[in-house]
Amino acid sequence: MSRARVVLALGDDVSTDQIYPGRYMATVLPTETPQYAFADHDAFNARLKSGGVPLGSVIVAGRNFGCGSSREQAVSALKGHELVIVAKSFARIFLQNAINLGLKLVEAPDVVAAEGDDLAIGVSELTNLASGRRCGIRPLPAARQAVMDAGGLIPYTRQRLLAGKGARA
Amino acid sequence: MSMTVVQKILARATGRRVVAVGDVVEPAVDLAMSHENAALVINQFLEVYRDTGLEAKPWDPSRIAIIFDHRVPAESPKTATNQKKVREFVAAQGIAKFHDIRGDEGGICHQVLPENGYVRPGQVVVGTDSHTTSHGALGAFAFGIGATEMASVWALGRAMNIEVPATIKVEVTGALSDPVTPKDLVLQLVGRLGSGGAAFHVLEFHGEAIEAMSTSGRLTLCNMSVEAGATSGIVPADDETLRYLREEAGVADDLDIMTPEADAPYARVVELDATSLEPQVACPHTVDNVRPVSSVAGTRVHQIVIGSCTNGRLDDIALAARILKGKKVARGTRMIVFPASGRIYQQAVAAGYVTDLMRAGAVVMNSGCGPCLGVHQGALGDGEVALSTTNRNFRGRMGNPASEVYLCSPAVAAASAVTGVITDPRNGGAA
């Protein structure tokens with residue numbers, strides 16, 4: 001069980017253009033992308049850059065979070081601030097990129113939370129401590145468990161290479 | 001057990017007789033495409049090999065394609081340096097399917113791949129671009145992945161831990177009547193399904209209207225399948241696919257045509273009627289906010305955009321030129337056109353379309369992605385409205401969160417350029 005505060009509450013269909021605008025796509029290094037997280041959301045971006053958002057803080061959103069582009073910067077920018085994303089659902093490529101890079105996602109189809117609420121996040125259930133409301137957590141795709149267990153896709157691929165299996169003959 | 005076309009492709013790519021929906025598979029990748037983000041793929045690829053004692057070499061350079069299109073010619077020293085780094089990697093690894101910034105063989109990745117015959121029916125195609133779904137138009141299973149996932153593909157030659165997706169069958173009856181286009185059809189479909197309505201599913205297209213549709217139109221349908229959240233769109237290969245590959249893409253090899261089995265298991269069936277379809281417009285700020293053009297006609301437009309991987313092919317440009325020939329782009333409205341590839345640009349010049357469009361007042365840019373995603377040229381001012389044949393209208397998509405983007409077909413865009421307001425192309429140019 002972890003406890004964290006909601007620092008930003010958003011609606012449905014938060015696109016990768018909102019998370020990481022296309023004009024910053026020439027910046028690729030995970031050490032450099034976090035400065036542009038939610039770059040067009042001036043107030044939140046300023047809070048992130050000023051260190052006003054503690055590590056492990058939560059962004060809560062509606063359905064289809066991360067829709068749009070495959071740009072991995074949208075994940076590395078959030079990962080750089082160690083944010084946790086709680087959403088009703090995630091877009092496929094964003095979900096896979098997040099698992100590959102180790103960004104923490106929580107899929108909670110019935111979540112209701114506002115900025116400033118504290119959430120207690122368990123394995124199968126989430127409690128909004130401000131309202132007392134509980135909701136279920138949907139497990140991430142089992143197909144990706146091995147990648148999560150390895151700590152991301154780079155270590156997983158490295159393991160597969162060293163084990164000599166997986167690479168095509 | 002009966003299989004959809006994507007199940008059959010994944011069975012082939014995993015050396016199995018059958019695969020079922022939900023099975024976790026590691027399909028062999030036939031084609032692995034990246035654009036400028038190859039710079040990030042290279043970083044991640046080298047990271048995979050760090051401290052392993054193994055030499056960092058891609059599994060099969062002949063199956064890797066790299067096309068520069070997002071910021072061409074480079075808009076900044078940073079981009080130019082990334083592109084330089086990719087060129088060096090391409091040369092060191094002997095990657096032949098490399099398309100640099102050139103007027104003869106360059107262009108947008110989702111056009112360059114089909115027109116060079118790199119994509120074949122039955123293939124597994126992955127790309128570090130969400131619109132990789134486009135290549136389903138040729139009967140391939142094609143989907144977008146991130147840069148780290150591509151690094152893993154370069155190392156292992158397989159896509160790791162893929163869940164066999166369920167398929168939604170899209171049955172399109174009737175016939176599209178000019179100037180209603182495949183773009184109107186896919187906008188209506190995205191509006192019907194919703195932005196996440198096809199999430200983790202494949203959209204498999206069937207019906208009279210699909211059979212009669214050119215590969216260009218099918219590319220538009222599959223391209224925008226991702227806007228309903230689909231993993232992929234696919235048109236099972238048929239005579240038109242063969243015609244395109246033989247006549248336009250110069251493919252002489254044997255082709256493996258894969259079609260779904262008659263009683264394939266579809267998650268659901270969605271039916272659309274092409275005959276009664278009106279031109280459609282996706283309104284700000286989501287692609288599923290779709291309305292008939294008549295309900296938004298008269299909306300003031302500051303910039304018309306025709307181009308992109310969605311609608312920058314020769315038939316799109318021809319349609320726009322036909323509507324604009326001898327007319328003028330309205331004062332107070334600017335129009336930019338960017339063909340999907342150098343080859344298409346040359347064809348549009350030879351056919352006189354470029355002259356028709358320029359005489360009308362349009363600016364015809366080089367091929368590339370820039371304006372569509374707000375990275376390079378065509379930026380909008382505060383409070384301005386764009387009407388565009390591209391694929392996304394998210395807030396800030398064209399580079400300015402204080403602007404609005406409407407999406408439409410080339411016919412709606414061209415008719416609206418003449419009036420300066422959103423216009424039904426069936427009304428002979430009157431709003």
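This section describes the domains, sheets, helix packing and backbone features of a predicted model with chains A and B.

Chain B is divided into two domains, domain 1 spanning residues 5-272 and domain 2 spanning residues 282-427. The centres of domain 1 and domain 2 of chain B, taken over C-alpha atoms, are 25 Å apart. Their contact draws 34 residues from domain 1 of chain B and 32 residues from domain 2 of chain B. On the domain 1 side, the elements that give two or more residues are α4 (109-115), α6 (182-193) and α8 (215-223) of chain B. Of the elements on this side, α6(B) gives the most, with six residues. By class, the side of domain 1 of chain B that touches domain 2 of chain B holds 17 polar, 10 charged and seven nonpolar residues.

An open sheet of five strands in chain B follows the order β4-β3-β2-β5-β6, with parallel pairing. Strands β4 (97-99) and β6 (141-144) of chain B stand at the edges and have a single partner strand each, so one side of each is left without a neighbour in the sheet. From one strand to the next, the twist averages 15 degrees. Within this order, β2 (residues 31-34) and β3 (residues 64-67) of chain B pair in the parallel sense over three bridges. The bridge partner of A32(B) in β3(B) is I64(B).

Parallel pairing is also found among strands β14, β15 and β16 of chain B. Strands β14(B) and β15(B) run parallel and are joined by five bridges, with V305(B) standing opposite I336(B) in β15(B). Strand β15(B) also pairs in the parallel sense with β16 (residues 363-364) of chain B, over two bridges. In that pairing I336(B) stands opposite V363(B). Residue I336(B) is thus placed opposite V305(B) and also opposite V363(B).

Helix α11 (residues 314-324) of chain B is mostly covered, with eight of its 11 residues buried. The buried residues of α11(B) are L314(B), D316(B), I317(B), L319(B), A320(B), A321(B), I323(B) and L324(B). They pack against two strands, β14 (303-307) and β15 (334-338), and against helices α10 (308-311), α12 (342-350), α13 (353-360) and α14 (410-419) of chain B. Just after α11(B), G326(B) takes a positive phi of about 80 degrees.

Between the chains, 50 residues of chain B are in contact with 41 residues of chain A. On the side of chain B that touches chain A, α2 (38-49), α3 (77-93) and α5 of chain B each supply at least two residues. By class, this side of chain B has 23 polar, 17 nonpolar and 10 charged residues.

One helix pair links the two chains through α6 (residues 153-162) of chain A and α5 (residues 147-156) of chain B. Two packed helices are described by the angle between their axes and the distance between the axes. For α6(A) and α5(B), the angle is about 5 degrees and the axes are 10 Å apart. The two helices, α6(A) and α5(B), are therefore roughly parallel to each other, the cut-off for this description being an angle under 35 degrees. In α6(A), the residues L153(A), I154(A), T157(A), R160(A) and L161(A) meet T148(B), E149(B), S152(B), A155(B) and L156(B) in α5(B). The residues of this contact divide into five nonpolar, three polar and two charged.

Two cis peptide bonds in chain B may be noted. One joins D178(B) and P179(B), with omega about 5 degrees, and P179(B) lies in the loop between β8 (166-173) and α6 of chain B. The other runs from P284(B) to H285(B), with omega near -5 degrees. Residue H285(B) is in the loop between β12 (280-282) and β13 (290-292) of chain B.

Positive phi values also occur in residues other than glycine. Phi of N64(A) is near 65 degrees; N64(A) is in the loop between β2 (58-61) and α3 (73-79) of chain A. With 26 other C-beta atoms within 10 Å, N64(A) is buried, since the cut-off is 20 or more. For S308(B), phi is about 85 degrees, and S308(B) lies in helix α10 of chain B. Residue S308(B) likewise counts as buried, with 29 C-beta neighbours inside 10 Å.

Definitions and conventions:
Residues are numbered from 1 along each chain as its sequence is written. Chains are lettered from A and ligands numbered from 1 in the order in which they are written. This is a predicted model: local features need pLDDT of at least 70, side-chain atom pairs count only at pLDDT 80 or more; totals for chains, interfaces and linings use all residues. Domain bounds come from an automatic or database domain assignment. Two residues are in contact if their C-beta atoms, placed from the backbone, lie within 7 Å. Helices (H or I, at least four residues) and strands (E, at least two) are DSSP runs, numbered from the N terminus. Ala, Val, Leu, Ile, Met, Phe, Trp, Tyr, Cys and Pro count as nonpolar, Asp, Glu, Lys and Arg as charged, and the others, Gly among them, as polar. A residue is buried if 20 or more other C-beta atoms lie within 10 Å of its own, exposed if 12 or fewer, and partly exposed in between; C-beta atoms are placed from the backbone. Two strands pair if DSSP finds at least two bridges between them. Axes are lines fitted to C-alpha atoms, for helices over the stretch in contact, and angles run from 0 to 180 degrees between N-to-C directions. Angles under 35 degrees count as roughly parallel, over 145 as roughly antiparallel, 65 to 115 as roughly perpendicular and the rest as oblique.
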